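Here's a quick walk through one protein and the ligand that goes with it. Have a look at the fold before reading on.

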Amino acid sequence: MITLRALQRSEVAQVWRIDRSEVIHNIYVLIEGKLVLMPAYFDAKGWPSGELEQTIPDLLDCFDRGGWCWGAFDADQLVGVALLESKFIGAANDQLQLKFLHVSSAYRQHGLGKQLFELARAEARIRGARWLYVSATPSENTIHFYQRRGCGLIEQPDPELFALEPEDIHLLCAV
Ligand SMILES: CC(C)(COP(=O)(O)OP(=O)(O)OC[C@H]1O[C@@H](n2cnc3c(N)ncnc32)[C@H](O)[C@@H]1OP(=O)(O)O)[C@@H](O)C(=O)NCCC(=O)NCCS
């Protein structure tokens, strides 16, 4: 049985246990303000080299700033994680970033990502945000997942977040 609960700080580093494997056949690119689907084959066997060394301290900083961090467990195994930033961004200071959302490969397509996303959206609402900001991996599956949650292209990406991940698709979703 899968249980969802708040993660303790000491559990955040366990995100490396999430199986990041994914075969990607198409990615979205932004051309003249429009999303265009392009063939691009990647067979990711796990986390890209060096990514976790950079990501885990970043997630811990977010946790320490008061970020919201939720995990999905199969018994004691972490199989999904969502993190919501605590810092408001946007011209009207009314956006919170969904900083991290990953579900282990074998657990995808069972509604877990959707549950974690909706919990993060509800938390953003409680914290007074109007919008959830998502810097999304451009793979077809990921963009379709966010679109089905109601996310749409942002007109003005956050400059700092865009500089960090210029190939991501930057989306906004009403909370
Ligand atoms: C994107 C990602 C988080 C989605 O997680 P997921 O658990 O596969 O997503 P879900 O299963 O909740 O949703 C996928 C679809 O399966 C459906 N689904 C399938 N079985 C279901 C079930 N038993 N119960 C509920 N929904 C189910 C969902 O309804 C959803 O369809 P919809 O979007 O049309 O509503 C996951 O694919 C992932 O980790 N990808 C790799 C990493 C990544 O790209 N992360 C995002 C970084 S920005």
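## Surface, fold and ligand shell

The protein has an accessible surface of about 9500 Å², and carbon and sulfur atoms account for 53% of that. Keep in mind that this is a predicted model.

Let's start with the overall build. There are five helices and nine strands, and along the sequence they come in the order β-α-β-β-α-β-β-β-α-β-α-β-α-β. The C-alpha trace covers about 45 × 40 × 30 Å along its principal axes. Does that fit a compact globule, or doesn't it? For 175 residues the radius of gyration of a compact globule would be near 16 Å, and the protein comes in at 15 Å, so the two agree. As for the interior, 44% of the 175 residues count as buried. Take the contacts between residues at least 6 apart in sequence, and 64% of them join residues at least 24 apart.

Now for the ligand. It's surrounded by 21 residues, and the closest are G111, G113, K114, R148 and R149. Sorted by character, the shell holds six nonpolar, nine polar and six charged residues. Which elements supply at least two residues each of that shell? They are strand 6 (95-103), helix 3 (112-126), strand 7 (131-136) and helix 4 (140-148). Helix 4 gives the largest share, with five residues.

Here are some pairs that put an oxygen atom of the ligand beside a polar protein atom:

| Residue | Protein side of the pair | Distance from a ligand oxygen |
|---|---|---|
| G113 | polar backbone atom | 2.8 Å |
| T142 | side-chain N or O atom | 2.8 Å |
| R149 | side-chain N or O atom | 2.8 Å |

On its own the ligand would expose 930 Å², and the protein buries 77% of that.

One last stop is E165, which sits in the loop between helix 5 (159-164) and strand 9 (169-174). Is E165 buried, exposed or partly exposed? Its relative accessibility is 37%, so E165 counts as partly exposed; the band for that label runs between 20% and 50%. Leaving out residues up to four places away in sequence, E165 touches S135 and H170. S135 falls within strand 7 (131-136), and H170 within strand 9 (169-174). Measuring from E165 to I2, C-alpha to C-alpha, gives 32 Å in space, with their positions 163 residues apart in sequence.

Technical notes:
Residues numbered from 1 in each chain as written. Predicted model: local features only at pLDDT ≥ 70, side-chain atom pairs only at ≥ 80, totals over all residues. Heavy atoms only, no water. Near = heavy atom within 4 Å. Polar contact = N/O pair within 3.5 Å; in protein donor to acceptor, adjacent residues only side chain to side chain. Areas by Shrake-Rupley, 256 points an atom, 1.4 Å probe, with all protein chains shown as cover. Helix = DSSP H or I, 4+ residues; strand = E, 2+ residues; numbered from the N terminus. Nonpolar A, V, L, I, M, F, W, Y, C, P; charged D, E, K, R; others polar. Rg over C-alpha atoms; globule rule 2.2 N^0.38 Å. Buried < 20%, exposed > 50% of the residue type's maximum accessible area, 1.4 Å probe, protein only. Contact = heavy atoms within 4.5 Å.
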